[in-house]
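Reader: Please show me the model. I would like to ask how its labels are justified.

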Amino acid sequence: MSARVAHPQEPHHSTEKPLIHCHKCGEQCKGEVLRVQAKHFHIKCFTCKVCGCDLAQGGFFIKNGDYLCTVDYQRMYGTRCNGCGEFVEGEVVTALGKTYHPNCFACTMCKHPFPPGDRVTFNGRDCLCQMCAQPMAPSPKELATSSSCAGCGRDIKNGQALLALDKQWHLGCFKCKACAKVLTGEYISKDGAPYCEKDYQVLFGVKCEACHQFITGKVLEVSNM
């Protein structure tokens, strides 16, 4: 009786391409397909999550896995310029906790934008350029001998410096001494340190005996005769 030896068969290599399915509708993609990162879409399926507009021909943003058109992304997550109120894209300037277009971050008095690397004087209410702040700015000799930030102590290099309380500060270092929040409006100084109005009143304020509210401005003292 003869026996036949069975030889292992060569593995069969399929020449068929794997099927591609649309990430949105789950149907098979045929013909023209749009690939975004590692996902595939029918052209008609690549739309804004919010308004449903076509994203294949324009710009889009990805947020939490959702695809959004520029208009809806800006409306929901965008940052507005504190100067003009429009949404900020690309290069921005952040000063005193607020965001600006570079051309919108300007001197309150002369309205000229601050040049990159220029010093900015904050007087508690307004941001002023060196020219407009001359009467209150430290002398060139004082600036030359002091290039460190009064807040963090590090050198101020290649960036805008804030001049306040006769000292230089990084724009993000001018903070209330008590709560450490960046001062974005008027401040009150005490012993050479800046405070927000709320913390200054809590720490050093005087309350009215009648209404128990903190007193700002002049206080009338009446003594017993």
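Reader: Why is Arg75 called exposed?

Author: Arg75 has a relative accessible area of 53%. Exposed means over 50%, buried under 20%, and partly exposed in between (1.4 Å probe, protein chains only). Arg75 is therefore exposed.

Reader: Why is Asp72 called buried?

Author: Its relative accessible area is 7%, so Asp72 falls under the 20% limit.

Reader: What makes Asp72 and Arg75 a salt bridge?

Author: Their closest N and O atoms are 2.9 Å apart. The label asks for a side-chain nitrogen of Lys or Arg within 4 Å of a carboxyl oxygen of Asp or Glu. Asp72 and Arg75 therefore qualify. The structure holds one salt bridge.

Reader: Where do Asp72 and Arg75 sit relative to each other in helix 1?

Author: They are three residues apart in helix 1, so about one helical turn separates them. Helices (H or I, at least four residues) and strands (E, at least two) are DSSP runs, numbered from the N terminus. Helix 1 spans residues 70-77 and includes Tyr77.

Reader: What makes Val50, Met76 and Tyr77 a nonpolar patch?

Author: Patch residues have over 30% relative accessible area and no salt bridge; nonpolar side chains (Val, Leu, Ile, Met, Phe, Trp, Tyr) are joined within 5 Å, like charges within 9 Å. Tyr77 has 35%, so it passes the area cut-off while being only partly exposed. Together the three residues offer about 250 Å² of accessible area (Shrake-Rupley method, 1.4 Å probe; for residues, only the protein chains shown count as cover).

Reader: How do you know that strand 7 and strand 9 pair?

Author: Pairing needs at least two bridges found by DSSP. Strand 7 (residues 119-122) and strand 9 (residues 161-164) have three, in the parallel sense. Val120 stands opposite Leu162 in strand 9. Both strands belong to an open, mixed sheet of four, in the order 8-7-9-10. Strand 8 (127-128) and strand 10 (167-170) are called edge strands because each pairs on one side only.

Reader: How is confidence spread over the chain?

Author: This is a predicted model: local features need pLDDT of at least 70, side-chain atom pairs count only at pLDDT 80 or more, and totals for chains, interfaces and linings use all residues. Residues are numbered from 1 along each chain as its sequence is written, and side-chain values use heavy atoms, without hydrogens and water. The pLDDT is the predictor's confidence in each residue, from 0 to 100. Its mean is lowest in helix 2 (residues 140-145), at 50, and highest in strand 4 (residues 66-69), at 90. Where pLDDT is low, the predicted coordinates should not be read in detail.
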